[in-house]
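This report describes a protein model with its ligands. The sequence and the structure come first, followed by notes on the ligand surroundings and the sheet.

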Amino acid sequence: MSTAENRCTYKQSDYKSDVTPIWCPGCGDYHVLLSFTRAFAKLNLVPEETVVVSGIGCSSRIPAYTNCYGFHGVHGRSLALAAGLKVTRPELTVVVASGDGDGYSIGGNHFLHACRRNVDMTYVVMDNHIYGMTKGQPSPTTEPEFDTALSPGGTRVRPFHPLVVALASGANFIARCFSGNPNETADILAEAIRHPGFSFIEILSPCVTFRPDEKAWKQMVHPAPVAETSDQGKAARRLMTDDGFNIGILYRGNRTPYQAAAGDSGFDLAELEKDFEQ
Ligand SMILES: Cc1ncc(C[n+]2csc(CCOP(=O)(O)OP(=O)(O)O)c2C)c(N)n1
Ligand code: SF4
Ligand SMILES: [Mg+2]
């Protein structure tokens, strides 16, 4: 993590870009953006040494709205990009932003292996249980009975449990947040960035346009009834009985983060840059 100790002190507004978000009025992602900038200010991250990487989706627009380096990649591939970046430039702070479609459908395979590899970065999935950007198709976290013209009668398919998958696959920090609590979310995001290894945060972030029913999440979220744990067995039992609305840090592990063996790849960044210039 790169902080600006002994250098400048950054304000929250320093991390906000000049680009005006085009999310629908009331979209939960506005608050997620607020949490990003608050967490970055809390850690006093150096903007030039911080990178927000994303895929495609409404949620994945966030790099344009943050004032640091950003990479708006292709659909479902943000983790592959981010892992490559962090391994070659370990001094950078890398935060990855995704959605439930981007991260759990097309990007599902990358999610498993990013947890397993445990590269030191933070993965935030803005989960609205729908594909927002492409107008309301069901995602892996959509409830089986959710009935729309695109899935008449509902999908009748069991939803994916991202936190259980993350734990089973080796994520080193697991939390759930609600976009409507931006202060708490910022605190947890800062903790996740500080924690070594692969940190995963699911942020419940309502899509007010295609899931107006999610406005009720405000009343449904509640603090997790038990304290966080570093015991995988305890965490698994808690998560398997989870109602999907427990908020807080659920698991903080102590696996050693992945580290590339120095100098064994023969990879030369300067050579690669020269190739691109030609
Ligand atoms: C390879 C590819 N397939 C499909 C799409 C179309 N597409 C764009 S965004 C998206 C889903 C986004 O859903 P989610 O990640 O949940 O983001 P949200 O918009 O809900 O924040 C899809 C299927 C695409 N851009 N690229
Ligand atoms: S479609 Fe949904 S997720 Fe996308 S900006 Fe609008 S409210 Fe947000
Ligand atoms: Mg979504």
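Which helix gives the largest share of the shell around ligand 1?

## Shell of ligand 1

The model is predicted. Helix α4, which spans residues 100-106, supplies the largest share of the shell around ligand 1, with four residues. In total, 16 residues surround ligand 1. The closest of these are Cys58, Ser59, Gly101, Asp102 and Gly132. Sorted by class, the shell around ligand 1 contains eight polar, six nonpolar and two charged residues.

## Polar contacts of ligand 1

Cysteine 58 places a backbone N or O atom 2.9 Å from an oxygen atom of ligand 1. Two side chains also take part: a polar atom of the aspartate 100 side chain lies 2.9 Å from an oxygen atom of ligand 1, and a polar side-chain atom of asparagine 128 lies 3.0 Å from an oxygen atom of ligand 1. On its own, ligand 1 has 600 Å² of accessible area, of which the protein covers 73%.

## Shell of ligand 2

Ligand 2 is surrounded by Trp23, Cys24, Cys27, Cys58, Asn128, Gly132, Cys207, Val208, Thr209 and Phe210. By class, seven residues of this shell are nonpolar and three are polar, while none is charged.

Cys58 and Gly132 are listed around ligand 2 and are also among the closest residues to ligand 1. Asn128 belongs to the shell of ligand 2, and its side chain has the polar atom at 3.0 Å from an oxygen atom of ligand 1.

## The sheet

The model has an open sheet of eight strands with mixed pairing, in the order β2-β1-β3-β4-β6-β5-β8-β7. Its edge strands, β2 (69-72) and β7 (222-223), each pair on one side only.

Strand β1 (residues 50-54) and strand β3 (residues 93-99) run parallel and are joined by five bridges. Within this pairing, valine 52 has valine 95 of β3 as its bridge partner.

## Helix α7 on the sheet

Helix α7, residues 182-194, lies across five strands named here: β3, β4 (121-127), β5 (173-178), β6 (198-204) and β8 (246-252). Relative to β5, helix α7 runs at about 165 degrees.

Key: Residues numbered from 1 in each chain as written. Chains lettered and ligands numbered in written order. Predicted model: local features only at pLDDT ≥ 70, side-chain atom pairs only at ≥ 80, totals over all residues. Heavy atoms only, no water. Near = heavy atom within 4 Å. Polar contact = N/O pair within 3.5 Å; in protein donor to acceptor, adjacent residues only side chain to side chain. Areas by Shrake-Rupley, 256 points an atom, 1.4 Å probe, with all protein chains shown as cover. Helix = DSSP H or I, 4+ residues; strand = E, 2+ residues; numbered from the N terminus. Nonpolar A, V, L, I, M, F, W, Y, C, P; charged D, E, K, R; others polar. Pairing = 2+ DSSP bridges. Contact = heavy atoms within 4.5 Å. Axes fitted to C-alpha atoms, helices over the stretch in contact; angles between N-to-C directions.
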